[in-house]
Amino acid sequence: MNSLPSTEIILQILLSVGVIVIVAKYFGILARKIGIPEVAGMIVAGLLLRFIPWFHNYGGTDSNIIYNEANQFITYMSEIGVILIMFSAGLSTNLKSLIKSGIKSTIIACCGVFVPLIMGTIMSIFFFGWTGFGTLEFYKCLFIGTILTATSVSITVAVLKEFGKIKTDVGQTIISSAIIDDVIGIIVLTIVLGVSSGKGGYFTIILKTVLFFVCALVAGFIVYKLFRWYDNRHPRSHRIPIYALGVALIFAYCAEEFFGIADITGAYIAGIVLCNLHDASYLESKIDINSYMFFSPVFFAGIGLKTNLSGMNMELLGFAIAFVIIGCISKIIGCGGISRCLGFNWRESYQVGLGMMVRGEVALIVASKGLSSGLIEPKYFTAVILLIIVSSMLVPILLKRAFTDKAPAETPTPAAQ
């Protein structure tokens, strides 16, 4: 068998990844110098890289198998990148604060799911028309709303870490709400797909979700005991981060494969399991080295690379604009509004709403499910990509202003104390 094609594929991968890492980090540093968060610069880098021939069809199909294989490798690296980001977020989690904000985070997550679901469905009905409950057209509109329920906390986590706000009450509330939001969103997706297809099965996903957290609790307790025993005998050992990374990847795999929960949720849970170790900060620093140098630039640039705005007409443009606007404001209204009712002040409520506004890989997964089931046409997929790009670029900028702008003197609220 001729090995030349595989050699060419490897060379293409080396060139592609090398260009992505250099360009993404350069634009990230440039963005930081002009006052824009680093992650926004990396996304812009991905957008610009689409003009390079071997990146123009990233995420699609090309007649050139070398380009396809290289693009597929980049996709895999992006997935590992977001898993590392979430694992690191779990390691830096203040477990006591997370437990304290559990009820509030659940309520915020529920509003963060159902407000976008309702607003997105109503918006779609205005575009596609009302045909009555139970019709295929109604389920298509309902599915558009379902796409808007997804929240991608990975970009928000990166911004919170950059500003040193990840361990604050607001930061922990955003992260825990997004994790719960992901679970609820998957349940909603399963129900919509089940009802629209005339098949049952949505009770199964609820059962799997409960089983996931039960199994994660049991397995996490065992893993924590083993790591604490090893950590006490070999403090700051180089082996601990390696074993921890392996555990995170296994948790991510098990969550997706056996329970239907997003892999990033499994990685975050793995981080929470290990966050109370004496060397948790040491683990986090070692994981961040790999993430910062390689995986994160590939992931954030990959968001820009996935954007393809070709074939856009006025009708699709109008739908895409409305989809983006509703997608952004619905999270602020749902999550931010209920946060104010739960005791956060206006500034903190706005921060929570912004933090929950980002869409990412979960929205893509939901949209892909809709494509495979016939509930959304391929031409509307561009609107999803546009929402991901706009929210991914807006949130870092707006969050920076929300956290750094001087606020008027306020009486501390129970949530902030």
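In the predicted model, Phe300 contacts Val39, Met42, Ile43, Ile85, Ile155 and Ala158, leaving aside residues up to four places away in sequence. Phe300 also belongs to the largest nonpolar core, which has 123 residues. Within this core, the members that touch the most others are Phe87, Phe143, Ile147, Leu274, Phe300 and Phe323. Helix α16 (residues 381-404) supplies the largest share of the core, 12 residues. In soluble globular proteins, nonpolar side chains tend to be buried together.

The protein chain as a whole contains 16 helices and zero strands. Of its 417 residues, 53% are buried. The chain exposes about 18,800 Å², and 69% of this area is supplied by carbon and sulfur atoms. Where contacts join residues at least 6 apart in sequence, 80% of them are between residues at least 24 apart.

Two of the core residues named above, Phe143 and Ile147, are among the buried residues of helix α6. Helix α6 spans residues 136-148 and reaches 19 Å from its first C-alpha to its last, close to the 18 Å expected for its 13 residues at 1.5 Å a residue. This helix is mostly covered, with 10 of its 13 residues buried. The buried positions are Phe138, Tyr139, Cys141, Leu142, Phe143, Ile144, Gly145, Thr146, Ile147 and Leu148.

Helix α13 comprises 28 residues (314-341). At 1.5 Å a residue it should span 40 Å, and its end C-alpha atoms are 40 Å apart, so the expected and modelled spans agree. After α13 comes Gly343, which has a positive phi near 115°.

A search of the whole structure finds one salt bridge. It is formed by the side chains of Asp181 and Lys331, with an N to O distance of 2.9 Å. Asp181 lies in helix α8 (residues 169-197) and Lys331 in helix α13, so the pair, 150 residues apart, links distant parts of the chain. Both Asp181 and Lys331 are buried. Side chains of opposite charge can pair when their charged atoms come close.

The same kind of search finds zero disulfides in the whole structure. For Cys341, the closest cysteine sulfur is that of Cys111, at 8.3 Å; this is too far for a bond, because a disulfide requires sulfur atoms within 2.5 Å. Cys341 is exposed, with a relative accessible area of 65%. Cys328, in contrast, is buried, with a relative accessible area of 7%.

Two further positions were examined for burial. Glu284 is located in helix α12 (residues 280-305). Its relative accessibility is 14%, under the 20% limit, and Glu284 therefore counts as buried. Residues up to four places away in sequence aside, Glu284 touches Ser88, Leu91, Ser92 and Lys161. Ile9 is located in helix α1 (residues 4-33). With a relative accessibility of 16%, Ile9 is likewise under the 20% limit and so counts as buried. The C-alpha atom of Ile9 is separated by 10.0 Å from that of Phe73, a residue 64 places apart from Ile9 along the chain.

Methods. Residues numbered from 1 in each chain as written. Predicted model: local features only at pLDDT ≥ 70, side-chain atom pairs only at ≥ 80, totals over all residues. Heavy atoms only, no water. Helix = DSSP H or I, 4+ residues; strand = E, 2+ residues; numbered from the N terminus. Buried < 20%, exposed > 50% of the residue type's maximum accessible area, 1.4 Å probe, protein only. Contact = heavy atoms within 4.5 Å. Areas by Shrake-Rupley, 256 points an atom, 1.4 Å probe, with all protein chains shown as cover. Core = buried A, V, L, I, M, F, W, Y, C linked by side-chain atoms within 4.5 Å. Expected span 1.5 Å × (residues − 1). Salt bridge = Lys/Arg side-chain N within 4 Å of Asp/Glu carboxyl O.
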